[in-house]
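Me: I'm just getting started with structures, and I'd love a close look at one part of this one. Could you pick a spot on the surface and then work your way inwards from there, slowly and in plain words?

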Amino acid sequence: MIVANKVILREKNLADAWDDYTWETDPELAQLDAVPLATTTFSQHLSDYANQLRYPLPTSRRLAIDTLDGKHIGNCTFYNISETRGEAELGIMIGNHDYWNKGYGTEAVITLVNHIFSQTNIRRLYLKTLESNNRAQKCFQKCGFTPYGHLSKDGFSFVLMEIYYNQWQEQQTKA
Ligand SMILES: CC(C)(COP(=O)(O)OP(=O)(O)OC[C@H]1O[C@@H](n2cnc3c(N)ncnc32)[C@H](O)[C@@H]1OP(=O)(O)O)[C@@H](O)C(=O)NCCC(=O)NCCS
């Protein structure tokens with residue numbers, strides 16, 4: 001468990017299943033994240049969820065984002081972890097709309113990046129976000145990510161962003 005000023009990052013558990021199902025079936029979130037809307041029933045979701053918790057992939061880590069008073073408001077993840085290349089892809093979702101634009105996303109990303117660069121051998125983090133998602137780009141920029149390209153995929157246009165360990169270290173010494 002990692003406690004920051006506004007958020008706590010913690011291991012996922014089965015009690016998160018309903019919130020996650022609600023967010024995976026939220027059309028606005030699906031649109032902002034350029035992912036298809038989940039069409040599974042809750043009981044199927046719950047069974048898949050229990051399996052994922054029991055048999056986690058070695059190339060992926062998913063953490064819940066809670067407020068300091070214990071409200072589950074979203075999730076963050078690092079996945080496609082490559083030990084050989086020393087890199088991973090980062091993802092975040094503040095699923096609860098009431099918590100958008102209040103600094104929770106920025107603090108969760110900063111906390112996750114600090115954890116990854118201080119506790120693992122990962123030396124580069126990258127992500128993609130929709131060109132149209134200005135809030136997400138601003139959030140990642142505030143966390144030290146810089147754009148390095150564009151990607152067109154499945155009719156969507158994405159901005160590609162990255163941060164290297166040495167850039168993060170420089171930011172730590174400046175802070
Ligand atoms: C993207 C997301 C993680 C950002 O987290 P958040 O807590 O809402 O954002 P924060 O408050 O930490 O920071 C957002 C920043 O963007 C700014 N912003 C908000 N809307 C904006 C817009 N339309 N254009 C430009 N900047 C905008 C805010 O003012 C803030 O900057 P500031 O602190 O300098 O004022 C969160 O909103 C989210 O998960 N949204 C839903 C799903 C989503 O977008 N998924 C895609 C993730 S790749």
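Reply: M1, V3 and L68 make up a nonpolar patch on the surface, and together they have about 360 Å² of accessible area. Before going further, keep in mind that this is a predicted model. M1 sits in the segment before β1, the strand at 2–3. M1 counts as exposed because its relative accessibility is 76%, and the cut-off for that word is over 50%.

Now for the charged side chains. Those with opposite charges can pair when their charged atoms come close. Searching the whole structure turns up 10 salt bridges. One of them joins D66 to R10, where the closest N and O atoms are 2.7 Å apart. This pair ties together distant parts of the chain: D66 belongs to strand β3 (residues 61–67) and R10 to strand β2 (residues 7–11), with their positions 56 residues apart. Are these two buried or exposed? D66 is buried, since its relative accessible area is 7%, and R10 is buried too, at 13%. For both of them, the test is being under 20%.

Next, follow E87, which turns up in two salt bridges. The side chain of E87 meets that of R85 at 3.0 Å, N to O. E87 also meets the side chain of R124, at 3.1 Å, N to O. The R124 pair is another link between distant parts of the chain, with R124 in strand β6 (residues 124–130), E87 in strand β5, and 37 residues separating them. R124 is buried, because its relative accessible area is 11%. Elsewhere, R10 and D66 come up again: salt bridges with shared partners join R10, K12, D16, D20, R62 and D66 into one network.

Back to the two partners R85 and E87, which make a nice contrast. R85 counts as exposed because its relative accessibility is 55%, whereas E87 counts as buried at 13%. R85 has another contact worth finding on your screen: the side chain of S82 reaches the backbone nitrogen of R85 at 3.0 Å. S82 itself lies in strand β4, residues 72–82, and with 9% relative accessibility it counts as buried.

That leaves the ligand. Which residues come nearest to the ligand? Out of the 23 residues around it, they are I94, G103, G105, T106 and K142. G103 places a backbone N or O atom 2.8 Å from an oxygen atom of the ligand. Side chains join in as well: an N or O atom of R135 is 3.1 Å from a ligand oxygen, and one of K138 is 2.9 Å from a ligand oxygen. Taken alone, the ligand exposes 950 Å², and the protein buries 75% of that.

So what is the shell around the ligand built from? At least two residues each come from α2 (27–33), β5 (87–94), α4 (104–119) and α5 (134–142). Of these, α5 gives the most, with seven residues. Sorted by kind, the shell has 11 nonpolar residues, seven polar and five charged.

How values were computed:
Residues are numbered from 1 along each chain as its sequence is written. This is a predicted model: local features need pLDDT of at least 70, side-chain atom pairs count only at pLDDT 80 or more; totals for chains, interfaces and linings use all residues. Side-chain values use heavy atoms; hydrogens and water are left out. A residue is near a molecule or strand if one of its heavy atoms lies within 4 Å of it. A polar contact is a pair of N or O atoms within 3.5 Å; within protein, one must be able to donate a hydrogen and the other to accept it, and residues adjacent in sequence count only if both atoms are side-chain atoms. Accessible areas come from the Shrake-Rupley method with a 1.4 Å probe; for residues, only the protein chains shown count as cover. Helices (H or I, at least four residues) and strands (E, at least two) are DSSP runs, numbered from the N terminus. Ala, Val, Leu, Ile, Met, Phe, Trp, Tyr, Cys and Pro count as nonpolar, Asp, Glu, Lys and Arg as charged, and the others, Gly among them, as polar. Buried means under 20% relative accessible area, exposed over 50%, partly exposed in between (1.4 Å probe, protein chains only). Patches are made of residues with over 30% relative accessible area and no salt bridge: like charges are joined within 9 Å, nonpolar side chains (Val, Leu, Ile, Met, Phe, Trp, Tyr) within 5 Å. A salt bridge is a side-chain nitrogen of Lys or Arg within 4 Å of a carboxyl oxygen of Asp or Glu.
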